[in-house]
Each structure stands twice: as C-alpha cells, then as structure tokens.
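These exercises go through the pockets and the ligand of one model. Each task is followed by a solution in steps.

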Amino acid sequence: MKQRRLVSEQFGGSAQAYLSSSVHANGTDLQRLTELTRNLACQQALDLGCGAGHSSFAMAKAGAAVTAYDLSPQMLSLVEHEAAQRGLTNITTQLGGAEHLPFAEASFDLVATRFSAHHWSNVPAALGEIRRVLKSTGTLVVIDVIAAENPLFDTLLQTVEVLGDPSHIRDYRVSEWRAMLQASGFAVSENNNWTLPIEFASWTAIKRTSDLRVEAIRDVFAKVSDEVRQYFKLQADNSFDLDITWLQAKPTV
Ligand SMILES: C[S@@+](CC[C@H](N)C(=O)[O-])C[C@H]1O[C@@H](n2cnc3c(N)ncnc32)[C@H](O)[C@@H]1O
C-alpha cells in the first residue's frame, strides 16, 4: 500500500473520534491561533492536514476565509458538516497532500499545520510548497509533537509512535525543524514548547492500535530505563507526556 493511502485509511476510519478527542479539540494553542489570525487581520488562511478541523475553526472564528486541506475525504466531509453546525460559512475544503499544493503563488496570509507534519512523506517539499503559496508578508505556524535532542528519548518516542499508528513517519526535533525551515526560506520568529499528557487507553483507541501492537508498546515501556521513565513521566497505566512545539516563521525573502 502507498504511504498516502495508509495515511488516508488510518485517519479516515477515525474522523469522528478526532472531532471529539480532547487532545485535539482543546488546547491554548487553538486560542493562540485565533488571536494570531485576528492580530494579523488575516484574510486567507490554509490549514494543512486539517483533520477534524480544529485549527480551521480557530482561524475561521477570527474572520479569515479558511481552506481546510487534508488527504482524507472523510475528514473533509466532517469539517464541512461541523462548520455548518457551528455557523462558520467561511471554510472551504480541498483534498490533497501537503507535498503538492493546488494553489496559486502567494494565495495565503497564514498557513497553519497542527499535529499533522509527523505524517508527511517529505517535509522539505511541503515547506517549499508552503513558501510558494504564502505571501511574502505571510506567516507560517507549525504545531506538532517533537522529539528530544537526546537520541535515547528520540528513539523511544518514534518506536512507540509507529507501533501506535503505522502511518507515523517522524516527530522532528526542534533543531531539525529550524534547519528545514531555514533551508526553505523561513526565519523563525517565535518558538515555545510544552508537554501534553497522554492517556494511554484513549491514545490507542483513537489510533485503533491493534491488541498485538498495544502489547508491544506495553513491553517496550516495561523495559525502559529510569531516565526514559522520568523523561516521559511514564505512569503505571502506560500514560505518558508528549512534547509539543509552536514554531512561528516568516519568509526571509
Ligand atoms: C492528527 S490528525 C489531525 C490534526 C488536526 N490538524 C487537529 O489539530 O486536530 C492528522 C491529519 O493529517 C492528515 N495528513 C497526514 N499526512 C498528510 C499529508 N501528507 N498531507 C495532507 N494531510 C495529511 C491526516 O489525514 C489527518 O487528518
């Protein structure tokens, strides 16, 4: 199966669950996105890997015309339905991958992506496309799970992520994000990180992780060192903390 289909099937089967998931539906980062959209007086915004549409709703609330973009048709149908329920008439949807954007140059004032880029097959290609469709005065916001700079924690994270969800590719380190952004013509203007507590049973439920893979994760967690246990604040029920970043950047030229 092609990676693109793997991603689409992984998420398409859980669209409704992503709409109600508290990890995805809540977060001060969504309020911050609404404030940023308002402060920038943003007219046109693009939500890349919109999923159930939480970032799209956050930007649309501030008055921007939002294009919600995703590989999964089920997610886009859900966004259309939910936008109508919320009375948000300024959201349109478009199917596609982040690596090839079907939009004209300089179409958007703001491009945001939240909890999606770790599934992208080619982040540098996607950043090149984002740079092309973003106005030279525009803003990019990347919100995503990040890996620690320490290889021990990095390897453990990617192992657990790919066992939890076979479409996982990589949670990048902030240093990797900074290097990719710089190479694609972006300068980071704001960056902060926080931790997100993950309840293990809900995390595997939304990902529809098979029993075999849940057992594999339990086994991985059972054998980690004290350092790993402390870093991820690993609990008896296998709940753990994820590191999240907000990277805000502007085109350099
Ligand atoms: C965790 S979900 C949605 C997150 C959503 N942005 C939120 O904040 O709740 C990740 C989404 O990214 C989409 N996605 C993954 N890889 C993609 C790609 N290469 N291009 C576009 N969308 C992609 C998936 O289809 C999925 O809907």
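**Exercise 1.** Find how much space lies in the largest pocket and describe its lining.

Solution. The model is a predicted one. Step 1: the largest pocket holds about 830 Å³ of space. Step 2: its lining consists of 46 residues, and those closest to the centre of the pocket are F11, Y18, F115, S116 and H119. Step 3: the elements giving two or more residues to this lining are α1 (3-12), α3 (22-25), α5 (54-61), β2 (65-70), β6 (186-198), α10 (200-206) and β7 (240-251). Step 4: α1 supplies the largest share of the lining, four residues. Step 5: sorted by class, the lining has 20 nonpolar, 18 polar and eight charged residues.

**Exercise 2.** State which space the ligand takes, and describe the shell of residues around the ligand.

Solution. Step 1: the ligand takes the space of the largest pocket. Step 2: the ligand is surrounded by 21 residues, of which G49, D70, A98, R114 and S116 are the closest. Step 3: this shell divides into nine nonpolar, nine polar and three charged residues.

**Exercise 3.** Give the distances from the ligand to polar side-chain atoms of D70, S116 and E99, then state what share of the ligand's accessible area the protein covers.

Solution. Polar contacts are counted here for N or O atoms within 3.5 Å. Step 1: for D70, an N or O atom of the side chain is 2.6 Å from an oxygen atom of the ligand. Step 2: for S116, a polar side-chain atom lies 2.8 Å from a ligand oxygen atom. Step 3: for E99, the partner is a nitrogen atom of the ligand, and the distance to a polar side-chain atom is 3.3 Å. Step 4: on its own the ligand has 600 Å² of accessible area, and the protein covers 98% of this.

**Exercise 4.** Describe the second largest pocket by its space, its lining residues and the element that gives the most to the lining.

Solution. Step 1: about 170 Å³ of space lies in this pocket. Step 2: the lining residues are A25, G27, L30, Q31, T34, H54, F57, A58, K61, R86 and L88. Step 3: α4 (28-39) and α5 are the elements that give two or more residues to the lining. Step 4: α5 gives the most, with four residues. Step 5: by class, the lining has five nonpolar, four polar and two charged residues.

Terms used: Residues are numbered from 1 along each chain as its sequence is written. This is a predicted model: local features need pLDDT of at least 70, side-chain atom pairs count only at pLDDT 80 or more; totals for chains, interfaces and linings use all residues. Side-chain values use heavy atoms; hydrogens and water are left out. A residue is near a molecule or strand if one of its heavy atoms lies within 4 Å of it. A polar contact is a pair of N or O atoms within 3.5 Å; within protein, one must be able to donate a hydrogen and the other to accept it, and residues adjacent in sequence count only if both atoms are side-chain atoms. Accessible areas come from the Shrake-Rupley method with a 1.4 Å probe; for residues, only the protein chains shown count as cover. On a 1 Å grid over the protein atoms alone, a cavity is a set of points where a 1.4 Å probe fits but cannot get out, and a pocket is an open set with protein on both sides within 12 Å along at least five of seven lines; lining residues have an atom within 4 Å of a point. A molecule sits in a cavity or pocket if more than half of its atoms lie within 2 Å of its grid points. Ala, Val, Leu, Ile, Met, Phe, Trp, Tyr, Cys and Pro count as nonpolar, Asp, Glu, Lys and Arg as charged, and the others, Gly among them, as polar. Grid points are joined across faces, edges and corners, and a volume is the space filled by probe spheres set on the points.
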